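User: I should like to understand how the terms used for a protein model are justified. May I put some questions about the reasoning behind them?

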Amino acid sequence: MQSFQVLQSRVDKKEPDAKIAKTEEETSDKEEEEKSAKPPAGSSKSGWKNWKKKESDGEESKITYCHWLLKSEPESRLEKGVDVKFSVDDLKAQPNQTTCWDGVRNYQARNFLRSMKLGQQAFFYHSNCKEPGIVALVKIVKEAYPDHTQFDQKDPHYDSTSRKENPKWSMVDVQFVRMTKRFIPLSEIKAHHLAHKADGGPLKDMMLFTRQRLSIQPLTQEEFDFVLSLEEEKPH
(Lines give C-alpha, C1' and ligand atoms only; values in the text may rest on other atoms or scores of the structure.)
Protein backbone atom coordinates (compact mmCIF):
# COMPACT_ATOMS: atom_id res chain seq x y z
CA MET A 1 0.00 0.00 0.00
CA GLN A 2 1.27 3.39 -0.87
CA SER A 3 2.40 5.14 2.29
CA PHE A 4 0.23 7.94 3.69
CA GLN A 5 2.25 11.06 2.83
CA VAL A 6 2.10 13.82 5.33
CA LEU A 7 2.22 17.48 6.01
CA GLN A 8 5.25 18.68 7.87
CA SER A 9 4.65 21.83 9.87
CA ARG A 10 7.26 23.67 11.81
CA VAL A 11 6.60 24.53 15.40
CA ASP A 12 8.67 25.59 18.35
CA LYS A 13 12.27 24.70 17.41
CA LYS A 14 11.23 24.59 13.79
CA GLU A 15 10.90 20.83 13.94
CA PRO A 16 8.87 19.73 10.92
CA ASP A 17 5.37 18.66 11.83
CA ALA A 18 3.57 15.77 10.49
CA LYS A 19 1.32 14.27 8.12
CA ILE A 20 -0.52 17.17 6.83
CA ALA A 21 -1.12 16.18 3.55
CA LYS A 22 -1.04 15.30 5.05
CA THR A 23 1.27 19.70 4.84
CA GLU A 24 1.01 22.92 6.53
CA GLU A 25 4.66 23.47 7.13
CA GLU A 26 4.95 26.36 4.75
CA THR A 27 1.59 27.81 5.68
CA SER A 28 1.55 30.20 8.61
CA ASP A 29 -1.16 30.08 11.24
CA LYS A 30 -2.44 33.40 9.96
CA GLU A 31 -2.63 32.15 6.39
CA GLU A 32 -4.50 29.03 7.51
CA GLU A 33 -7.13 31.09 9.28
CA GLU A 34 -7.44 33.65 6.49
CA LYS A 35 -8.41 30.87 4.09
CA SER A 36 -11.70 30.62 5.91
CA ALA A 37 -14.23 33.37 6.42
CA LYS A 38 -13.45 35.43 9.49
CA PRO A 39 -16.12 34.83 12.12
CA PRO A 40 -17.40 37.67 14.29
CA ALA A 41 -15.39 37.73 17.49
CA GLY A 42 -17.11 36.05 20.38
CA SER A 43 -20.18 34.95 18.46
CA SER A 44 -21.66 31.47 18.64
CA LYS A 45 -25.14 31.14 17.22
CA SER A 46 -25.98 27.92 18.99
CA GLY A 47 -24.14 29.07 22.08
CA TRP A 48 -22.27 26.87 24.48
CA LYS A 49 -24.81 27.67 27.15
CA ASN A 50 -27.07 25.11 25.47
CA TRP A 51 -24.32 22.55 25.94
CA LYS A 52 -24.67 20.17 28.87
CA LYS A 53 -21.39 20.31 30.74
CA LYS A 54 -20.40 17.73 33.30
CA GLU A 55 -20.41 19.01 36.83
CA SER A 56 -17.04 19.33 38.50
CA ASP A 57 -16.32 17.61 41.78
CA GLY A 58 -14.67 20.82 42.94
CA GLU A 59 -11.15 19.52 42.53
CA GLU A 60 -8.92 20.49 39.65
CA SER A 61 -8.18 17.37 37.64
CA LYS A 62 -5.68 16.65 34.93
CA ILE A 63 -6.98 17.08 31.39
CA THR A 64 -7.67 13.74 29.74
CA TYR A 65 -7.47 13.44 25.97
CA CYS A 66 -9.33 10.53 24.43
CA HIS A 67 -10.03 11.71 20.87
CA TRP A 68 -7.94 13.28 18.14
CA LEU A 69 -7.88 15.63 15.18
CA LEU A 70 -5.73 14.59 12.21
CA LYS A 71 -4.86 17.12 9.52
CA SER A 72 -4.27 16.10 5.93
CA GLU A 73 -3.94 18.06 2.69
CA PRO A 74 -6.64 17.30 0.10
CA GLU A 75 -4.96 19.27 -2.70
CA SER A 76 -1.87 18.30 -4.68
CA ARG A 77 1.48 19.65 -3.51
CA LEU A 78 4.89 18.31 -4.40
CA GLU A 79 7.44 17.75 -1.67
CA LYS A 80 10.82 16.56 -2.92
CA GLY A 81 9.11 15.43 -6.09
CA VAL A 82 6.39 13.47 -4.29
CA ASP A 83 2.73 14.53 -4.23
CA VAL A 84 1.75 14.66 -0.55
CA LYS A 85 -1.99 15.06 -1.25
CA PHE A 86 -4.20 12.79 0.82
CA SER A 87 -7.90 13.53 1.06
CA VAL A 88 -10.66 11.61 2.79
CA ASP A 89 -11.55 10.18 -0.63
CA ASP A 90 -8.01 8.83 -0.88
CA LEU A 91 -8.47 7.14 2.48
CA LYS A 92 -11.78 5.62 1.40
CA ALA A 93 -10.05 4.23 -1.70
CA GLN A 94 -7.47 2.32 0.36
CA PRO A 95 -7.88 -1.43 0.98
CA ASN A 96 -10.35 -1.88 3.83
CA GLN A 97 -10.45 1.96 3.93
CA THR A 98 -7.38 1.78 6.17
CA THR A 99 -3.93 3.35 5.99
CA CYS A 100 -0.88 4.11 8.08
CA TRP A 101 -0.53 7.68 9.31
CA ASP A 102 3.13 8.17 8.54
CA GLY A 103 5.51 11.09 8.02
CA VAL A 104 5.08 12.79 11.41
CA ARG A 105 8.32 14.65 12.16
CA ASN A 106 7.39 16.81 15.11
CA TYR A 107 8.17 15.43 18.55
CA GLN A 108 4.99 16.60 20.25
CA ALA A 109 2.85 15.25 17.42
CA ARG A 110 4.81 11.98 17.58
CA ASN A 111 4.14 11.72 21.30
CA PHE A 112 0.45 12.24 20.66
CA LEU A 113 0.60 9.38 18.14
CA ARG A 114 2.20 7.18 20.76
CA SER A 115 -0.62 8.01 23.19
CA MET A 116 -3.36 6.83 20.83
CA LYS A 117 -5.30 3.76 21.89
CA LEU A 118 -7.03 1.12 19.80
CA GLY A 119 -10.58 2.11 18.91
CA GLN A 120 -10.26 5.80 19.71
CA GLN A 121 -11.93 8.09 17.20
CA ALA A 122 -10.52 11.13 15.44
CA PHE A 123 -11.72 13.88 13.16
CA PHE A 124 -10.29 13.83 9.64
CA TYR A 125 -9.49 17.49 8.94
CA HIS A 126 -8.76 18.90 5.49
CA SER A 127 -5.94 21.42 5.87
CA ASN A 128 -3.96 23.89 3.81
CA CYS A 129 -6.77 24.24 1.29
CA LYS A 130 -9.36 26.78 0.17
CA GLU A 131 -11.70 26.02 3.06
CA PRO A 132 -10.17 24.00 5.93
CA GLY A 133 -12.43 21.94 8.13
CA ILE A 134 -13.65 18.58 9.39
CA VAL A 135 -14.98 16.13 6.82
CA ALA A 136 -15.07 12.69 8.42
CA LEU A 137 -14.52 10.40 11.38
CA VAL A 138 -11.78 7.77 11.54
CA LYS A 139 -10.67 5.36 14.23
CA ILE A 140 -7.35 4.00 15.43
CA VAL A 141 -7.03 0.36 14.35
CA LYS A 142 -3.34 -0.18 15.17
CA GLU A 143 -1.41 1.54 17.95
CA ALA A 144 1.97 3.22 17.45
CA TYR A 145 4.78 1.32 15.72
CA PRO A 146 7.94 2.43 13.85
CA ASP A 147 7.30 4.65 10.82
CA HIS A 148 8.96 2.93 7.85
CA THR A 149 9.32 6.18 5.88
CA GLN A 150 12.08 7.41 8.21
CA PHE A 151 14.38 4.74 6.72
CA ASP A 152 13.39 5.20 3.07
CA GLN A 153 15.85 7.51 1.31
CA LYS A 154 13.35 8.08 -1.51
CA ASP A 155 10.65 9.27 0.86
CA PRO A 156 10.26 13.02 1.54
CA HIS A 157 10.25 12.26 5.27
CA TYR A 158 13.47 10.25 5.33
CA ASP A 159 15.51 10.88 8.50
CA SER A 160 19.17 9.95 8.22
CA THR A 161 19.63 10.35 11.99
CA SER A 162 17.10 7.66 12.90
CA ARG A 163 18.29 4.10 13.55
CA LYS A 164 16.29 0.90 13.13
CA GLU A 165 17.41 -0.30 16.55
CA ASN A 166 16.05 2.90 18.09
CA PRO A 167 13.57 4.57 15.71
CA LYS A 168 12.76 8.23 16.31
CA TRP A 169 9.39 8.28 14.61
CA SER A 170 6.16 6.36 14.97
CA MET A 171 2.89 5.95 13.10
CA VAL A 172 -0.53 4.41 13.68
CA ASP A 173 -3.09 2.84 11.38
CA VAL A 174 -6.43 4.59 10.91
CA GLN A 175 -9.65 3.40 9.32
CA PHE A 176 -12.47 5.41 7.80
CA VAL A 177 -15.63 5.35 9.94
CA ARG A 178 -18.02 7.74 8.22
CA MET A 179 -18.35 11.17 6.68
CA THR A 180 -19.66 13.85 8.99
CA LYS A 181 -23.27 14.71 8.22
CA ARG A 182 -22.02 17.98 6.83
CA PHE A 183 -18.70 19.75 6.35
CA ILE A 184 -17.75 21.59 9.56
CA PRO A 185 -15.54 24.54 8.53
CA LEU A 186 -12.71 26.04 10.52
CA SER A 187 -14.52 29.39 10.52
CA GLU A 188 -17.52 27.92 12.35
CA ILE A 189 -15.40 26.09 14.92
CA LYS A 190 -13.44 29.30 15.49
CA ALA A 191 -16.62 31.27 16.17
CA HIS A 192 -17.49 28.82 18.94
CA HIS A 193 -13.93 28.87 20.25
CA LEU A 194 -13.99 32.67 20.58
CA ALA A 195 -17.33 32.60 22.37
CA HIS A 196 -16.20 29.81 24.68
CA LYS A 197 -12.90 31.55 25.35
CA ALA A 198 -14.85 34.55 26.61
CA ASP A 199 -17.50 32.63 28.54
CA GLY A 200 -15.83 29.37 29.57
CA GLY A 201 -17.30 26.86 27.12
CA PRO A 202 -15.84 23.48 26.10
CA LEU A 203 -13.79 24.79 23.13
CA LYS A 204 -12.01 27.56 25.06
CA ASP A 205 -8.65 25.74 25.08
CA MET A 206 -8.99 23.73 21.86
CA MET A 207 -5.55 23.09 20.37
CA LEU A 208 -6.78 23.86 16.88
CA PHE A 209 -6.42 27.50 17.98
CA THR A 210 -3.77 27.35 20.70
CA ARG A 211 -1.33 25.13 18.76
CA GLN A 212 -2.56 25.68 15.21
CA ARG A 213 0.48 24.29 13.42
CA LEU A 214 0.35 20.80 14.95
CA SER A 215 -1.01 18.31 12.45
CA ILE A 216 -1.99 15.86 15.18
CA GLN A 217 -3.98 17.28 18.04
CA PRO A 218 -5.68 15.73 21.07
CA LEU A 219 -9.28 16.46 22.03
CA THR A 220 -11.04 16.10 25.35
CA GLN A 221 -14.34 14.23 25.45
CA GLU A 222 -16.15 17.56 25.86
CA GLU A 223 -14.38 19.13 22.85
CA PHE A 224 -15.06 16.09 20.68
CA ASP A 225 -18.72 15.85 21.66
CA PHE A 226 -19.37 19.55 21.13
CA VAL A 227 -17.72 19.66 17.70
CA LEU A 228 -19.52 16.48 16.65
CA SER A 229 -22.84 18.02 17.73
CA LEU A 230 -22.30 20.76 15.15
CA GLU A 231 -23.00 18.30 12.33
CA GLU A 232 -26.64 18.31 13.43
CA GLU A 233 -26.97 22.07 13.03
CA LYS A 234 -27.65 23.99 9.85
CA PRO A 235 -24.61 25.78 8.40
CA HIS A 236 -24.38 29.37 9.55
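User: Which residue forms a salt bridge with Lys181, and how far apart are the closest N and O atoms?

Analyst: This is a predicted model, and in it Lys181 forms a salt bridge with Glu232, with 2.5 Å between the closest N and O atoms. The pair joins distant parts of the chain, for Lys181 is in strand S9 and Glu232 is in the segment after H6, 51 residues apart. Lys181 and Glu232 are both exposed.

User: Why is the pair of Lys181 and Glu232 called a salt bridge?

Analyst: The term requires a side-chain nitrogen of Lys or Arg within 4 Å of a carboxyl oxygen of Asp or Glu. The closest N and O atoms of Lys181 and Glu232 are 2.5 Å apart, so the pair meets that cut-off. As a general matter, side chains of opposite charge can pair when their charged atoms come close.

User: How many salt bridges does a search of the whole structure find, and which residues are linked in a network?

Analyst: The search finds eight salt bridges. Glu73, Arg77 and Glu79 are linked in a network of them.

User: What makes Glu73, Arg77 and Glu79 a network of salt bridges?

Analyst: Arg77 takes part in two of the pairs described here: with Glu73, the closest N and O atoms are 3.3 Å apart, and with Glu79 they are 2.9 Å apart. Each distance is within 4 Å, so both pairs count as salt bridges. Arg77 therefore links Glu73 and Glu79.

User: How do you know whether Glu73, Glu79 and Arg77 are buried or partly exposed?

Analyst: A residue is buried under 20% relative accessible area and exposed over 50%, with partly exposed in between. Glu73 has a value of 1%, so Glu73 counts as buried. Glu79 has 6% and is therefore buried as well. Arg77, at 22%, lies between the two cut-offs and is therefore partly exposed.

User: Where does Asn128 lie, and why is Asn128 called buried?

Analyst: Asn128 lies in the loop between S7 and S8. The relative accessible area of Asn128 is 13%, which is under 20%, so the residue is buried. In this hairpin, which has six residues between the strands, Asn128 takes a positive phi near 55 degrees.

User: What makes the approach of the Asn128 and Glu73 side chains a polar contact?

Analyst: The two side chains make this contact at 3.4 Å. The cut-off for a pair of N or O atoms is 3.5 Å, so the distance satisfies it.

User: Where does Ser87 lie, and what is Ser87 in contact with?

Analyst: Ser87 lies in the loop between strand S5 (82-83) and H2. Leaving aside neighbours within four places in sequence, Ser87 is in contact with Glu73, Pro74, Phe124 and His126. Ser87 is buried because its relative accessible area, 7%, is under 20%.

User: How do you know that S7 and S8 pair, and in which sense?

Analyst: Pairing calls for at least two bridges between the strands. S7 and S8 have six bridges, so they pair, and the sense is antiparallel. Among the bridge partners, Phe124 is matched with Ala136 in S8.

User: What makes S8 and S9 a pair as well?

Analyst: S8 and S9 pair over ten bridges in the antiparallel sense. The requirement is at least two, so the criterion is met. Val138 stands opposite Phe176 in S9.

User: Which residues touch the most other members of the largest nonpolar core?

Analyst: That core has 23 residues, and Leu70, Trp101, Met116, Phe124 and Ile216 touch the most other members. S8 supplies the largest share, four residues. Not counting residues up to four places away in sequence, Leu70 touches several residues, including Trp101, Met116, Phe124, Val138 and Ile216. Apart from this core lies another, of 18 residues, among them Leu186, Ile189, Leu208 and Val227. In soluble globular proteins, nonpolar side chains tend to be buried together.

User: Which residues of helix H6 are buried, and what do they pack against?

Analyst: The buried residues of H6 (residues 221-229) are Glu223, Phe224, Phe226, Val227 and Leu228. They pack against several elements, including strand S3 (65-72), helix H4 (186-199) and strand S10 (216-220).

Methods
Residues numbered from 1 in each chain as written. Predicted model: local features only at pLDDT ≥ 70, side-chain atom pairs only at ≥ 80, totals over all residues. Heavy atoms only, no water. Buried < 20%, exposed > 50% of the residue type's maximum accessible area, 1.4 Å probe, protein only. Contact = heavy atoms within 4.5 Å. Core = buried A, V, L, I, M, F, W, Y, C linked by side-chain atoms within 4.5 Å. Polar contact = N/O pair within 3.5 Å; in protein donor to acceptor, adjacent residues only side chain to side chain.
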